[in-house]
Amino acid sequence: MEPYPSVEGLRADTTGAVLRLTLDRPRRRNALDDTSMAALIRHLETANTDENLRAVLLTGTGGDFCSGFDIVGRNAAGKGDARPRTGSIQRRMPSQANRLIPLLLELQLPVVCAVRGWAVGIGAQLALASDFTVAARDAVFWYPFLRRGFTPDSGATWLLPRVVGPVRARELLMLDRKFSGTEAATWGAVHAAVEDEDVTKTAETLTAELAASATVAIGLTKSLLNAAPGGDLRHHLADEAYAMELSSRSPDFREGMRAFAEHRPPDFGGR
């Protein structure tokens, strides 16, 4: 069976060692629904143990990245069964948004996100949780939770302060402020802000560069970086030593040392 089948709302394909996941509901500005959310989680879980993959590229169809989760569609009347009963949110969240965001952080493959147009709610969270995000200068990031009368989800109150700082996070979450791709780059929330027509090419070039890197070492480095904030230094140094022990036993380490001795660029195999 195809390990990364496309489903309604999400296209998946592999080119070489790169898994490309494309949110594909342009009429809903690529809003996630239950089907595309489940497929996205399943593909990332599979990718974590796929020895053929070395990077993931996350993008959207058309002029927008992701307008959040399609709550209106889920609760629309006339969709077969009755609307979700009371308590459905706390039952669903552990296996949906609360699984998806940690997966992006824990995946020992670099994830590049390409953002054009709107990145709203969990769409903005996908961009912040990726390792590298390339955004259009005029992209719009927005956390409209309080405007809708409910509290933030998908780890927004945990991740956003760590990326932009607590003061700005309060402004974005509590005052309902939109911010542009240019602002996101200035604040360090995304890797780069470029012209709209350059987003895809820039993200693809960056993904190819990461896919050609030492995959074991880059995955361990990602884990260390994500564990660092708020962690104890002595425990973190021990984790670094363990990561160095693992990476120094990899074929890519031996290739890196040979390349250094031979004064040439390394040709990593991802092992």
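These exercises walk through strands and helices in a predicted model.

**Exercise 1. Strand S2 and its neighbours**

Task: Find which strands S2 is joined to, and give the direction of each pairing.

Solution:
- Step 1. Locate S2. The strand spans residues 18-24.
- Step 2. Look at S1, residues 9-15. Seven bridges join S1 to S2, and the two run antiparallel.
- Step 3. Check one pair. Threonine 15 is opposite valine 18 in S2.
- Step 4. Look at the link. S1 and S2 make a hairpin, with two residues between them. Glycine 16 sits in this turn and has a positive phi of about 65 degrees.
- Step 5. Turn to S3, residues 55-60. Six bridges join S2 to S3, and this pairing is parallel.
- Step 6. Check one pair here too. Threonine 22 has threonine 59 in S3 as its bridge partner.

**Exercise 2. Cover and crossover**

Task: Decide whether S2 is mostly covered or mostly open. Then state the hand of the unit formed by S2, H1 and S3.

Solution:
- Step 1. Apply the cut-off: buried means under 20% relative accessible area.
- Step 2. Count. Five of the seven residues in S2 are buried, so by this cut-off the strand is mostly covered.
- Step 3. Follow the chain from S2 through helix H1, residues 34-47, to S3. The three elements make a β-α-β unit, and this unit is right-handed.

**Exercise 3. Two helices that pack**

Task: Describe how H1 packs with H4.

Solution:
- Step 1. Recall what is needed. A helix pair is described by the angle and the distance between the two axes.
- Step 2. Give both values. H1 and H4 (residues 97-106) pack at about 35 degrees, with axes 10 Å apart.
- Step 3. Add the hand. The crossing of H1 and H4 is left-handed.
- Step 4. Name the residues. On H1, they are Met37, Leu40, Ile41, Leu44 and Glu45. On H4, they meet Ala97, Arg99, Leu100, Leu103 and Leu104.
- Step 5. Sort by class. The H1 contact with H4 has eight nonpolar residues, two charged and no polar ones.

**Exercise 4. A sheet with edges**

Task: Find which strands stand at the edges of the sheet of S5, S7 and S8, and explain what this leaves.

Solution:
- Step 1. Write the order: S5-S7-S8. The sheet is open, and its pairing is mixed.
- Step 2. Pick the edges. S5 (118-120) and S8 (179-180) each have a single partner strand, so one side of each lacks a neighbour in the sheet.
- Step 3. Check the S7 to S8 pairing. Two bridges join them, and they run antiparallel. Phenylalanine 141 has phenylalanine 179 in S8 as its bridge partner.
- Step 4. Add the helix. H5, residues 122-129, lies across S5 and S7 and runs at about 95 degrees to S5.

Definitions and conventions: Residues are numbered from 1 along each chain as its sequence is written. This is a predicted model: local features need pLDDT of at least 70, side-chain atom pairs count only at pLDDT 80 or more; totals for chains, interfaces and linings use all residues. Side-chain values use heavy atoms; hydrogens and water are left out. Buried means under 20% relative accessible area, exposed over 50%, partly exposed in between (1.4 Å probe, protein chains only). Helices (H or I, at least four residues) and strands (E, at least two) are DSSP runs, numbered from the N terminus. Two strands pair if DSSP finds at least two bridges between them. A crossover is right-handed if, with the strands pointing away from the viewer, the path from the first strand over the helix to the second runs clockwise. Axes are lines fitted to C-alpha atoms, for helices over the stretch in contact, and angles run from 0 to 180 degrees between N-to-C directions. A crossing is left-handed if the near helix is turned anticlockwise from the far one by less than a right angle, and right-handed if clockwise. Contact means heavy atoms within 4.5 Å. Ala, Val, Leu, Ile, Met, Phe, Trp, Tyr, Cys and Pro count as nonpolar, Asp, Glu, Lys and Arg as charged, and the others, Gly among them, as polar.
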